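Let's take a walk through a protein together, one piece at a time. Keep the picture in view and find each part as we come to it.

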Amino acid sequence: MRTVYVNGDYVPEDQAKISVFDRGFLFADAVYEVTGVLEGKLVDFPAHAARLARSLSELDMPMPMPEADLLAIHRELVTRNGLEEGMIYLQITRGAADRDFVFPKGAEQGVVLFTQSVPGLADAPAARRGIRIVTLPDRRWGRRDIKTVQLLYPSMGKTAAKAQGADDAWMVEDGHVTEGTSNNAYIVKDRTIITRHLGEEILHGITRAAVLRMAEEAQLKVEERPFTVAEAQAADEAFVTSASAFVMPVVEIDGTRIGSGTPGPIATRLREIYLEESRANAI
Ligand code: PLP
């Protein structure tokens with residue numbers, strides 16, 4: 001059984017409790033982060049902590065503790081759970097208060113962390129095969145740059161994708177792809193990597209920032225701009241990035257094969273570089 005962290009205590013997962021009045025539960029009034037773990041170490045932790053601070057500040061919530069204390073909890077959970085490969089999920093809620101739409105004053109923030117062990121995550125068979133994508137209208141709220149726990153629409157989208165025999169969905173707004181249900185979306189055409197520009201329409205992926213930096217170091221051209229589904233279907237390659245999937249090749253979009261229908265060389269190379277650098281720099 002896992003040991004999880006809840007509001008100051010390390011407890012067995014079946015003894016962890018939060019209030020029914022917690023605003024994360026009642027209003028999705030909470031933000032989260034998912035940090036990858038490779039060889040028992042945290043990938044890109046400072047960047048996740050910085051995005052967490054930004055998400056909190058956009059919702060008028062403070063950081064509940066210094067970054068160093070958050071890091072210590074992450075590390076303690078890795079140790080206590082013998083986590084080698086997988087993720088750590090962290091959620092901060094505004095806290096428990098009598099149910100009222102107005103933000104309460106003085107509620108004590110909720111802090112929950114748990115581990116998810118995924119042995120073989122870095123060597124996932126899906127990365128050798130590539131994944132299949134369907135597209136859906138993007139019906140999420142307008143501040144997707146804030147990493148809130150209101151994940152119902154992405155959850156519906158991924159479920160719908162699976163029901164259609166695909167692996168995941170990309171969401172489309174005003175004719176352009178925004179992002180995947182839980183990842184950022186990319187295409188490659190003539191050795192140029194194209195991915196939507198940052199803004200309120202997408203989450204500013206930590207993996208996205210790292211991969212774009214690595215792509216430029218590898219002398220690849222990067223264009224940050226919107227692209228259409230038709231452009232994606234005519235691309236040489238496609239892929240997604242996230243803290244838990246790293247760089248994942250996409251081989252089919254709405255039934256159309258991308259390139260040769262197998263993971264492309266650039267996506268494959270970026271995955272290798274990303275994993276290598278993440279292993280070297282994880283803390
Ligand atoms: N976009 C969305 C909607 C996400 O939910 C996620 C990750 O959960 C990402 C992008 C990728 O972000 P990151 O690379 O920080 O995991």
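We will visit some helices, then a buried polar spot, and finally the aromatic rings. Keep in mind that this is a predicted model.

Let's start with helix 2, which has 14 residues. From its first C-alpha to its last it reaches 20 Å, close to the 20 Å expected at 1.5 Å a residue. Which of the residues in helix 2 are buried? They are Phe45, His48, Ala49, Arg51, Leu52, Ser55 and Leu56. Looking down the axis of helix 2, you would find these buried residues within an arc of 165 degrees, so they line one face of the helix. A general rule helps here: an α-helix has 3.6 residues a turn, so residues three or four places apart point the same way. What do the buried residues of helix 2 pack against? Their partners are strand 3 (30–38), strand 4 (41–42), helix 3 (67–81), strand 5 and helix 6 (206–217). After helix 2 comes aspartate 60, with a positive phi near 65 degrees.

Let's zoom in on one residue of helix 2, serine 55. Its relative accessible area is 1%, and because buried means under 20%, serine 55 counts as buried. Setting aside neighbours within four places in sequence, serine 55 is in contact with Val31, Ile146 and Lys147.

Now move along the chain to aspartate 145, in the loop between strand 7 and helix 5. Is aspartate 145 buried or exposed? At 2% relative accessibility, aspartate 145 counts as buried. Its side chain makes a polar contact of 2.9 Å with the side chain of arginine 54. Another polar contact, also given as 2.9 Å, joins the side chains of aspartate 145 and arginine 143. If we leave out residues up to four places away in sequence, aspartate 145 touches Arg54, Gly199, Glu200, Ile202, Leu203 and His204.

Next is helix 5, which runs over residues 152–163. With 12 residues at 1.5 Å a residue, helix 5 should span 16 Å, and its end C-alpha atoms are indeed 16 Å apart. The buried residues here are Tyr153, Pro154, Gly157 and Ala161. These four cover an arc of only 100 degrees around the axis, which puts them on the same side of helix 5. What covers the buried residues of helix 5? The cover includes strand 7 (131–137) and strand 8 (168–173). On the face turned away from the buried side, helix 5 carries the exposed residues Leu152, Thr159 and Ala163. Just after helix 5, glycine 165 takes a positive phi of about 85 degrees.

One more helix deserves a look: helix 8, at residues 265–281. Helix 8 has 17 residues and reaches 24 Å from its first C-alpha to its last, close to the 24 Å expected at 1.5 Å a residue. Its buried residues are Ile266, Ala267, Leu270, Arg271, Ile273, Tyr274, Leu275 and Ser278.

Finally, let's turn to the aromatic rings. Counting rings whose centres lie within 6.5 Å, the model has 7 aromatic pairs. In one of them, the rings of tyrosine 5 and tyrosine 10 have centres 5.2 Å apart and planes at 70 degrees, so the pair is edge-to-face. Tyrosine 5 is buried, with a relative accessible area of 8%, while tyrosine 10 counts as partly exposed at 25% relative accessibility. Another edge-to-face pair is formed by phenylalanine 27 and phenylalanine 101, with 5.2 Å from centre to centre and 75 degrees between the planes. Phenylalanine 27 lies in helix 1 (residues 23–27) and phenylalanine 101 in the loop between strand 5 (86–93) and strand 6 (110–117), so this pair ties together parts that are 74 residues apart in sequence. Phenylalanine 27 is partly exposed, with a relative accessible area of 24%, and phenylalanine 101 counts as exposed at 61%. Ring pairs also link Tyr32, Tyr89 and Phe114 into a cluster.

Some rings have a charged partner as well. Which residue lies over the face of tyrosine 10? It is arginine 80, at 4.2 Å from the ring centre. In a similar way, the charged end of arginine 94 sits over the ring of phenylalanine 103, 3.3 Å from its centre.

Key
Residues are numbered from 1 along each chain as its sequence is written. This is a predicted model: local features need pLDDT of at least 70, side-chain atom pairs count only at pLDDT 80 or more; totals for chains, interfaces and linings use all residues. Side-chain values use heavy atoms; hydrogens and water are left out. Helices (H or I, at least four residues) and strands (E, at least two) are DSSP runs, numbered from the N terminus. The expected span of a helix is 1.5 Å times one less than its number of residues. Buried means under 20% relative accessible area, exposed over 50%, partly exposed in between (1.4 Å probe, protein chains only). The arc is that of the directions from the helix axis to the C-beta atoms. Contact means heavy atoms within 4.5 Å. Rings of Phe, Tyr and Trp (its six-membered ring) pair if their centres lie within 6.5 Å; planes under 30 degrees apart count as stacked, over 60 as edge-to-face and the rest as tilted. A charge sits over a ring if NZ of Lys or CZ of Arg is within 6 Å of the ring centre and within 35 degrees of the ring normal. A polar contact is a pair of N or O atoms within 3.5 Å; within protein, one must be able to donate a hydrogen and the other to accept it, and residues adjacent in sequence count only if both atoms are side-chain atoms.
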